[in-house]
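Here is a short note for a first look at this entry. Please keep the structure open while reading the points.

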Amino acid sequence: MADVRLQRLADLDDAMLTRLGETLWRAMKDLPKSYSNRDAAIEEAFRFRDDDRLIIVAMQGDELAGWIGAIMHTPHMWELHPLCVEPAHHGRGVGRMLVEALEREAADAGVGAIWLGTEDETGATNLFGVDIMPDPLMALQGLELKSRHPIAFYAKLGYVVCGALPDASGPGMHDFLMAKRIAATAV
Ligand SMILES: CC(C)(COP(=O)(O)OP(=O)(O)OC[C@H]1O[C@@H](n2cnc3c(N)ncnc32)[C@H](O)[C@@H]1OP(=O)(O)O)[C@@H](O)C(=O)NCCC(=O)NCCS
């Protein structure tokens, strides 16, 4: 989208962080657990003042279309968290543009890989409600999507499922871990 401008934020004043939190809340509020509470979403945005975090925003004019964050855990691996696009902008390529912008930042910083967690809180996967704890890796071999889920979005962008945190959001609600190599060469 030619009219969307991507920008890494340096000045994180209270007004901008509140705006970011509200976008996070609007993007996630229909999900049962993730930031369905406005105050919790704004609190999460304010954590991005920490030195180990970065934010890239997608602006359309003065409007905030979405944003992506990263937690720079180590020089080798960053966590993509969170990614949120305003519902009115869904399906227009903003999410893809934000992920690609973060990947460019990571590549410039010499980061080897990006990972993320994406939860199934709604029954979009066949492992929802299933006790995967006895052998999560075996359960993941049979992972299937039953309806739209960000796993499919990230897979289109080259991320692969590399693990799961069983029951991360409650019994039978797992957090699926995905990763993508960023550095040009493998080991
Ligand atoms: C998931 C999300 C970030 C996608 O952003 P978006 O701007 O709507 O996505 P894009 O338009 O860039 O989509 C890129 C591709 O992924 C596909 N896609 C997007 N969301 C998808 C989903 N939930 N399930 C399956 N495919 C999806 C699009 O159809 C498109 O496919 P195409 O390239 O073949 O046309 C956005 O829907 C969102 O903010 N959702 C709520 C918050 C959330 O779930 N965040 C991720 C938590 S880990």
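Which residues of helix 3 are buried? The points below start there.

1. This is a predicted model. In helix 3, the buried residues are Val 94, Gly 95, Met 97, Leu 98, Val 99, Leu 102 and Ala 106.

2. These buried residues have many partners. They pack against strand 1 (4-8), strand 2 (53-60), strand 3 (63-71), strand 4 (77-85) and strand 5 (113-119). Helix 5 (150-156) is also packed against by the buried residues of helix 3.

3. The length of helix 3 checks out. It has 15 residues, 94-108, so at 1.5 Å a residue it should span 21 Å. The end C-alpha atoms are 21 Å apart, which agrees. Just after helix 3 comes Gly 110, with a positive phi of about 75°.

4. Now the ligand. It is surrounded by 19 residues. The closest are His 90, Gly 95, Arg 96, Arg 148 and Ala 152. Gly 95 is also one of the buried residues of helix 3.

5. Where does the shell around the ligand come from? Helix 1, strand 4, helix 3 and helix 5 each give at least two residues. Helix 5 has the largest share, 4 residues. Domain 1 (1-111) and domain 2 (117-187) each contribute at least three residues. By class, the shell has 9 nonpolar, 6 polar and 4 charged residues.

6. Is Asp 30 buried or exposed? Asp 30 counts as exposed, because it has 10 C-beta neighbours inside 10 Å. Asp 30 sits in the loop between helix 1 (14-28) and helix 2 (38-46). Its C-alpha atom is 18 Å from that of Ala 65, 35 residues apart along the chain.

Note on methods: Residues numbered from 1 in each chain as written. Predicted model: local features only at pLDDT ≥ 70, side-chain atom pairs only at ≥ 80, totals over all residues. Expected span 1.5 Å × (residues − 1). Buried ≥ 20, exposed ≤ 12 C-beta atoms within 10 Å, placed from the backbone. Contact = placed C-beta atoms within 7 Å. Near = placed C-beta within 6 Å. Nonpolar A, V, L, I, M, F, W, Y, C, P; charged D, E, K, R; others polar. Domains from an automatic or database assignment.
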